[in-house]
Amino acid sequence: FYLNDTALRGVAPEDEALPGFWVRLFDRRRGGWIGWLREHSRLAELTADAGYRRIVYGYYARSRSAGYAPDHPGWIRVQAALRRAHELLGRRDLPLGLVLIPFLLRHDGELGSHAAFEVVQEFCRLEQLPCLDLEPEFDGLDVDALRLHPQDYHATAQAHRIIGERVAEWVSERGWLKR
């Protein structure tokens with residue numbers, strides 16, 4: 001389960017608008033004197049890039065987390081789908097577990113998916129649906145180094161290894177891998 005799993009096509013995030021002025025100012029494709037400065041000054045490039053990432057990734061985390069509001073249509077659909085899957089698998093005596101894969105960006109001291117995943121964990125608790133939150137696996141780690149590129153929020157092979165090893169351990173602990 002990932003942060004954007006409640007997003008719906010054609011439904012804009014209900015968080016504040018993306019701060020367009022700052023995004024345009026820091027965008028690496030920008031021309032003019034700012035583009036020239038970025039091309040000729042490593043300090044300007046690093047500063048503008050850091051500003052861009054902070055604004056855009058922070059916005060992404062906040063706007064996607066807004067999709068977990070009790071009345072958000074995406075969250076309502078996800079809850080219904082999880083209940084249905086849990087029911088259908090339960091009829092066949094098969095387990096369903098949810099693995100929460102964190103958004104690897106620290107924002108205000110927490111991973112970007114933290115608030116949203118608290119909502120998901122509460123849902124899982126109420127529905128008696130096993131849930132594994134992988135956020136603790138990344139405590140104390142440099143999550144910026146676990147993304148493919150500073151401007152890409154997708155996880156590296158090392159991050160996927162951390163995720164895979166913990167999921168395998170969790171599934172094994174639950175006895176779900178019987179011969």
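Which residues does L98 touch, not counting residues up to four places away in sequence? In this predicted model, the contacts of L98 are F1, L82, V120, C124, P130, C131, L132 and W170, once residues up to four places away in sequence are set aside. L98 belongs to strand β1, which spans residues 98–100, and it is listed among the residues with the most contacts inside the largest nonpolar core. The overall architecture is given first, followed by the cores, the aromatic groups, helix α6, the surface patch and the backbone.

The protein comprises 6 helices and 6 strands. Their order along the sequence is α-α-α-α-β-β-β-α-β-β-β-α. The protein has 179 residues, of which 39% count as buried. Of the contacts between residues at least 6 apart in sequence, 71% join residues at least 24 apart. The accessible surface amounts to about 11,000 Å², and carbon and sulfur atoms account for 54% of that area.

The largest nonpolar core contains 18 residues. Within this core, the residues with the most contacts are F1, Y68, W75, L98, F117 and V120. Two or more residues are contributed by each of α4, β1 (98–100) and α5 (114–127). Helix α5 supplies the largest share, with 5 residues. A second core, separate from this one, has 14 residues, including L104, L111, A155 and A159.

Aromatic side chains were examined next. A pair of aromatic rings is described by the distance of the centres and the angle of the planes. The structure holds 6 aromatic pairs. One of them is formed by F1 and Y68, with a centre-to-centre distance of 6.4 Å and an angle of 65° between the planes, an edge-to-face arrangement. This pair links distant parts of the chain, as F1 lies in the segment before α1 (20–26) and Y68 in the loop between α3 (42–65) and α4 (73–91), 67 residues apart. F1 has a relative accessible area of 17% and Y68 one of 3%; both are therefore buried, the limit being 20%. The rings of W170 and W176 also pair: their centres are 5.3 Å apart and their planes lie at 75°, so this pair is edge-to-face. W170, at 7% relative accessibility, counts as buried, whereas W176, at 26%, counts as partly exposed. W170 is also one of the contacts of L98. A single aromatic cluster is formed by F1, Y68, W75, F117 and F123. Of the cluster residues, F1, Y68, W75 and F117 also appear in the list of residues with the most contacts inside the largest core.

Two residues of helix α6 (residues 157–173) were considered individually, I163 and R166. I163 has 11% relative accessibility and counts as buried. Setting aside residues up to four places away in sequence, I163 touches I101, L134 and F138. I163 and L134 are 29 residues apart along the chain, and their C-alpha atoms are separated by 7.0 Å. R166 is likewise buried, with a relative accessibility of 16%. Beyond its neighbours within four places in sequence, R166 is in contact with L132, L134, E137 and E173. L134 thus appears among the contacts of I163 and among those of R166, while L132 is in contact with R166 and with L98.

On the surface, W33, W36 and L37 form a nonpolar patch with about 390 Å² of accessible area together. W33 lies in helix α2, residues 32–40. At a relative accessible area of 63%, W33 is exposed, because the limit for that class is over 50%.

The backbone was inspected for positive phi values. Most residues other than glycine have a negative phi. D93 has a positive phi of about 60° although it is not a glycine. D93 is located in the loop between α4 and β1, and counts as exposed at 70% relative accessibility. Q128, also a residue other than glycine, has a positive phi near 55°. Q128 occupies the loop between α5 and β4 (131–133), and at 68% relative accessibility it counts as exposed.

Note on methods. Residues numbered from 1 in each chain as written. Predicted model: local features only at pLDDT ≥ 70, side-chain atom pairs only at ≥ 80, totals over all residues. Heavy atoms only, no water. Helix = DSSP H or I, 4+ residues; strand = E, 2+ residues; numbered from the N terminus. Buried < 20%, exposed > 50% of the residue type's maximum accessible area, 1.4 Å probe, protein only. Contact = heavy atoms within 4.5 Å. Areas by Shrake-Rupley, 256 points an atom, 1.4 Å probe, with all protein chains shown as cover. Phe/Tyr/Trp six-rings, centres within 6.5 Å; stacked < 30°, edge-to-face > 60°. Patch = residues over 30% accessible without salt bridge, like charges linked within 9 Å, V, L, I, M, F, W, Y side chains within 5 Å. Salt bridge = Lys/Arg side-chain N within 4 Å of Asp/Glu carboxyl O. Core = buried A, V, L, I, M, F, W, Y, C linked by side-chain atoms within 4.5 Å.
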